[in-house]
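Me: I am new to this structure. Please show it, and then let us go through some questions.

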Amino acid sequence: MATPTEIDRHDTDILIIGTGGAGLFAALHAQQSAPPGTRITIAVKGLIGKCGCTRMVQGGYNVALGGGDTVERHFMDTIRGGKWLPNQDMAWKLCEQAVVRIRELENEIGCFFDRNPDGSLHQKAFAGQTADRTVHKGDLTGIEIISRLMEQVLSRPVEKLQEHRAIGLIPTADKSALAGVLFIDMRTGRFRLVRAKTVLMATGGGPTMYKYNTPSGDKTMDGLAMALRAGLPLRDMEMVQFHPTGLLAGDHTRMTGTVLEEGLRGAGGQLLNGAQNRFMFDYDPKGERATRDVVSRGIYAEMRKNNTSENGGVFISMAHLGPDNVRAKFPGMVKRCADSGFDLAAGLVEVVPTAHYFMGGVVVDPDTRTALEGLYVAGEDAGGAHGSNRLGGNGVANSTVYGGVAGDTMGADIRKMGALRDPCPTALQAEIGRALHPLTRKPDLVQPLRHDLQEAMWEDVGVLRTEAGLTRAQTRVADISTALMDVGVAPDTLAFNLTWHDWLNLRSLCDISQAIALAGLERENSRGAHYREDFPDEGDLDASYFTVVTQTGDALAVRRDPVDFSIVRPGETILPDGEPETLVAAQ
Amino acid sequence: MTAAQETLDVTVHRGTTRGACYDSFQVPAHESQTVLDVVSWIQQFADPTLSYRFACRVGMCGSCAMMVNGTPRWTCRTHVKKVAADGKLMIEPLRNLPVIKDLAADMDPFFDKWTAAQGQHHPSQTRHDPIEPIDPGDPLRVEADLGVECINCAICYAACDTVAGNPDYLGPAALQRAWTLLNDSRDDGRGAILDAVSGTGGCHNCHSMGSCTQYCPNELNPMRAIAGLKRETAKSFFKGKRNA
C-alpha cells in the first residue's frame, strides 16, 4: 500500500499552529521577545492568513478608549454577557491589553480603522455593550486586520509550513511535557514530525459539526480533538454560540449557513415566518433587536411550529426600509446575496440560526500556559475568557490579545528550556496509525456521514436542548463514529487528497461533538448560549460552576468546577458609584 | 435552470502539469449553486481525489479563486447561472501561478512579490504612542483608502497579460499595496517602496491594459494605483538627478 512508510523530521524552537489573529500575533511577539537566533515556525492547515476565521470578522474590535468608557466597564460587560462564567482574570487581561493591542495594530501593523470627523477612531456599540466601544473598518474589519498581520509575518524570517495539517500532540515518553507535533504535509501526503521547545496551538475552534455553521471550511475542531487525546482538560464545552441569521439556500451549497450581518436587524430588518408574519415580539419585547441567543431561540421555536419558509427557515426582510437605502447602507451584504441569487434589498432572503463561535476550549492560565509543559493555547481554542457567551467584538480582541501574550510568554519561557525533547514512540505510532486507518478500509463516501452528524447535532445539541435530546445525541454520534471507522479512503493518491482530510475532519468533529453533548447534559441550568428546556432557569449565580471534560483512554469524563469570582461577585460591580447603566444613546 | 439542464457538463483540469490533462463530469444542477459547489460535489460524490482549495465561502479570503471558462473568479461567489448559460463549465487553476495539483495553484510567487514590493507597513510609531488623529477626508487618506480592501486573492495577477509575459513583474496587487502605503501618512517606508517598485519588475512594466481593474471582484482599481506609482517614481527620479 502506498502509505508513507517513513516520516520527515524537522526541528525548530517555537512552533505556532494556526495563522489567524492569535497565530500571527504570536509569531510577531515571539520574534520580539525570544533570544536572538531562536527558530520560529508557523504552520497552517490552509494558506497563511487566508484560512481560519479572523479574516471573516465583520463587526470589529472591542476596546475601551475613553470618552467615558473604561477597562472596568468593558470588563463588566464581558462578565455579565458571559453570565458570570468567565475566568475573571482572563476577561480582565483581555479588556486591559486590548488597549495596547489596538495601538499596536494601528501604529506598528498599519491597520486602517474608520475615523470620526475629528480624526479619532470611530467606535460603535453591539448588543450587550454599554458603550460605543467597537473599532472597525467598515463591516470588513477582519480582512484589514489579517491582511496587515499576514504581510508583516511574510516579510520576516519566520519559517512557513503551509497546508500542513496538525494531527497529533506528541508528548515525551513520561508524558511530562510536549515534545512536538505530528503533521500531514497536505501537498505531498507525507507525515512530518516537528519538534519544538514551545508550541502554541491557535487552530481556532469552529463548531462546524452543526447543519448550519458560519466558520471557514477548513475549521473542524482539530486542535481541541488533539488536546482531548493528549489528556488536557476542556472547559465550557456546552457553549456553542448561534448567530440568528445564517443564509439558507439548501443542503447542496456551501453558501448555506454563512452569516448575514448583525447590523441588518439593528437597522430595522424584520424576521418573518413562512406566512410572512413578524414573530419575534412573541418571544421578546425587543423583537428582532434582542441579543443573538434570544433571537436564535425565537427563530428555532418558530421553525419547530412548522411556520417555515420553503427550505425550512424564516425570512429576513429589509425592503420596508427602502431598497436603495438598504443598498447604500449594506453594500457588501447586498452584493454577496445578489452573487448568490438573492435580492436582500427588495426581496425576502431565507435565514436560519447558524453555529458561529465556540466559547469552550482548553483550560489555560492568563499567560496561555496549559497543564502540559511546552504547550500554550490562545484564541478560540482556549476556554475561559468569554464564559457562556461571547460579545460581538470580543472575538478578535481575544485572539489578538492572547496571541501576543502567548508569543511573549513563549519567548520568555524558552530561555529556561534546554534541549528539544524526545517524542514518545508509542504515542507517535498511535497518531500515525489513527491517521492511516481509513486507508486500510474499503473506500466509500465520507460526506453522507458528515451530513448525519450535522443533523444529529442541530436537532439534539442545538439551540434548545433537553436531557432526552442530549442523551439521544450521544448514541447518534457514537453510531456515526463507529460507521466512520468502516469508511475507507483509496490510498493510491495521498498528495492533496481532500477526501482523506474530510475523513480526518469528521473524526475530530465526532470526538468533540461527544464532549459538547456530555457537557450539555452536565449543565442543568440555562446560561448564555446553553439553553435547557428542562432547566430553563439560570441557577444560583453565587454557586456558578463551569464544566470540565477530560478523556482517559477512550472514556470521557465531566466534572463541575466552581467559578472563582476573583474580581467581582454576582450582583456587584467594579464601576464607581453613580456610574450610568449605559453610555450608549437609546435607538 | 430549465428541465433540459438538469445536469451541468463540467470539464476540470487534472494533474500537476498545466494544460496536460482534463476530466469531464456530469454534475446535478440546482437553483442556488456556485462554481465552488460544483467543484465540491465532484470531490465529494464523483472523484474523491480531486484537489482544490477554499476557506471562507463568502468572498473574504480568495482561497477559492480559479479560472472559470477562461476567466479568473472567486468560485464561492460565482453563481453557476452567471457563467454557464449553456450548462457548460471549464474549471482550471488560477493563471500565471505554478500548479500544485488539479485546481490548486501555488500562491507563493504572488506573496513573494507582495513582500518584494515592500508591501508591509513601515512603522513610524509604536504601541506606546497614542493613536494619531487622521482626518478621514484628507486627500492622501482617501487615496489610500481606495485600495485598502484588497483581499489578496490574485484574481488581478491571473488576469494580467504583463505578468504572463514577464514572470519578474510584481503585478497589480503588490503594486497597489505599495501605492496604498505610499499614501498612508503613518508609513515610514517611502524610499524603500519607491526603490522596490521602480526596479526591473516594477511599475513601469505595466502597459495599462486594465485587466486587473476589469476583473477585480472588489471593484478596486489597481491600474490607477500603478499610474500613481509611475508618476511618483518619475518625480523622485528627476528629484534625485537634481540633487546629484
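Reply: One definition first: the expected span of a helix is 1.5 Å times one less than its number of residues. Helices (H or I, at least four residues) and strands (E, at least two) are DSSP runs, numbered from the N terminus. This is a predicted model, where local features need pLDDT of at least 70, side-chain atom pairs count only at pLDDT 80 or more, and totals for chains, interfaces and linings use all residues. Residues are numbered from 1 along each chain as its sequence is written, while chains are lettered from A and ligands numbered from 1 in the order in which they are written.

Me: What length does helix 13 of chain A reach from its first C-alpha to its last?

Reply: Helix 13 of chain A covers residues 467-484, which is 18 residues. At 1.5 Å a residue, 26 Å is expected. The helix comes close to that, reaching 26 Å.

Me: Why do the buried residues of helix 13 of chain A lie on the same side?

Reply: A residue is buried if 20 or more other C-beta atoms lie within 10 Å of its own, exposed if 12 or fewer, and partly exposed in between; C-beta atoms are placed from the backbone. The buried residues of this helix include Leu470(A), Ala473(A), Val477(A) and Ile480(A). They are on the same side of helix 13 of chain A because they cover an arc (of the directions from the helix axis to the C-beta atoms) of only 120 degrees.

Me: Which helices do the buried residues of helix 13 of chain A pack against?

Reply: The face turned away from the buried side carries exposed Ala468(A), Thr475(A) and Thr482(A). Contact means that the C-beta atoms of two residues, placed from the backbone, lie within 7 Å. The buried residues pack against helix 12 (447-460) and helix 14 (498-522) of chain A.

Me: Is Arg292(A) buried or exposed?

Reply: UniProt, in an unreviewed entry, places the feature "active site" at Arg292(A); such annotations may be inferred rather than shown by experiment. Arg292(A) is in helix 7 (residues 292-304) of chain A. Because it has 26 C-beta neighbours inside 10 Å, Arg292(A) counts as buried.

Me: Which element of chain B gives the largest share of the side that touches chain A?

Reply: The contact takes 54 residues from chain B and 55 residues from chain A. Elements giving two or more residues to the chain B side are helix 1 (35-46), strand 6 (99-101) and helix 3 (108-116) of chain B. The largest share, six residues, comes from helix 1 of chain B.
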